[in-house]
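User: Hi! I'm new to this one and would love a quick tour. Could you walk me through it?
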Amino acid sequence: MNIQDIHPSKEAPEESPEQAGDVLIQSAADVNGRQLAPFPIQEPDVVASLAYKGGIGKTTLAEEVAQVLDGVAVDFDWSKGGLTAGWGYREEERLGAPLIEAFTSGRVPTPLRGGERKPDLIPGHTTFGEHQPSAEKVSDELSRWSRELKRRLVVDTHPDACPSTYGAMAAARVVLTPVILKTREMRSLEQLLEEASDYPLLLIPYMVPRSPSQWAIDELERLAKRFNVPVGPIVGHYDWIGTRRKRVAISSEPVFKKEEPFVKQIREVVKAVENYG
């Protein structure tokens, strides 16, 4: 895309309150094991969501892309506020740690069913940081899981330069990198590009405000040219996402009116993923 295409969205949603009934839609989707339809068959593929800084939308981006792609979300971020907890999986109520056990046993993990309103999930665990294998093993296993499950995997990485993150990047056909157009976040992006621009990165301007700083736009253009990294579609800033409590993907049906601009932008990101390379 042309960097100069970053501009205020004319479709910014109104901050209308959610209807009470909206919160309860498809509560049955939180119950595992109720979906009997077989997994869809698709070519093996891995997508990673990457950032060296937390709180910039990496997890939401991974979840929504997994939902639209009908893929399996894989959670490598061992933070308690990550994808697994938001999905509705409570490790303290479960025996074992499926992600860690998959790497130690060599068995392909069975994704938890998300139903129609959230992606299937290979859940993470808060101790994964202590038990993560080498980058090479992570890369090999992700490719094997995708191949044997006949599913596309969308991996939410930990916001740190650790073995599991590098392994996910090595296995990925495309690495989505949300970009926040602010001073500290742009410095973090430059560090990431200095260390990882040889991976298949796709920069996604994320949480873009109505009037982004011209300095930040120019800086993004400079970095993209310097490191020869493509810039994908933008995703605007929506205040309601940060306070949202529903455990379903925003892009799942039905999509409500205030969610439509965000979902439209996520679908454009997915098109960029499909066409990457």
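User: Which strands does helix 2 lie across?
Analyst: Happy to help! This is a predicted model. Helix 2 lies across strand 1 (45–49), strand 2 (72–75), strand 4 (152–156) and strand 5. With strand 4, helix 2 makes an angle of about 170 degrees.
User: What's the order of the strands in the sheet?
Analyst: The order is 3-2-4-1-5-6, in an open sheet of six strands with parallel pairing. Strand 3 (120–122) and strand 6 (201–205) are at the edges. Each of these has a single partner strand, so one side of each has no neighbour in the sheet. From one strand to the next, the twist averages 25 degrees.
User: And how many bridges join strand 5 to strand 6?
Analyst: Five bridges join them, and the two strands run parallel. Pro178 stands opposite Ile204 in strand 6.
User: Switching topic: what's the volume of the largest pocket?
Analyst: Its volume is about 740 Å³. There are 33 lining residues, and the closest to the centre are Thr59, Thr60, Glu63, Gly81 and Ile241.
User: Which helix gives the most to that lining?
Analyst: Helix 2 does, with five residues. Helix 3 (83–87) and helix 10 (239–242) each supply at least two. By type, the lining has 12 nonpolar, 12 polar and nine charged residues.
User: Last one: is Glu190 buried or exposed?
Analyst: Glu190 is buried, because its relative accessible area is 18%, under the 20% cut-off. Glu190 lies in helix 8 (residues 183–196). Leaving aside neighbours within four places in sequence, Glu190 is in contact with Glu219, Arg222, Leu223, Arg226 and Phe227.

How values were computed:
Residues are numbered from 1 along each chain as its sequence is written. This is a predicted model: local features need pLDDT of at least 70, side-chain atom pairs count only at pLDDT 80 or more; totals for chains, interfaces and linings use all residues. Side-chain values use heavy atoms; hydrogens and water are left out. Helices (H or I, at least four residues) and strands (E, at least two) are DSSP runs, numbered from the N terminus. Buried means under 20% relative accessible area, exposed over 50%, partly exposed in between (1.4 Å probe, protein chains only). Contact means heavy atoms within 4.5 Å. On a 1 Å grid over the protein atoms alone, a cavity is a set of points where a 1.4 Å probe fits but cannot get out, and a pocket is an open set with protein on both sides within 12 Å along at least five of seven lines; lining residues have an atom within 4 Å of a point. Grid points are joined across faces, edges and corners, and a volume is the space filled by probe spheres set on the points. Ala, Val, Leu, Ile, Met, Phe, Trp, Tyr, Cys and Pro count as nonpolar, Asp, Glu, Lys and Arg as charged, and the others, Gly among them, as polar. Two strands pair if DSSP finds at least two bridges between them. Axes are lines fitted to C-alpha atoms, for helices over the stretch in contact, and angles run from 0 to 180 degrees between N-to-C directions.
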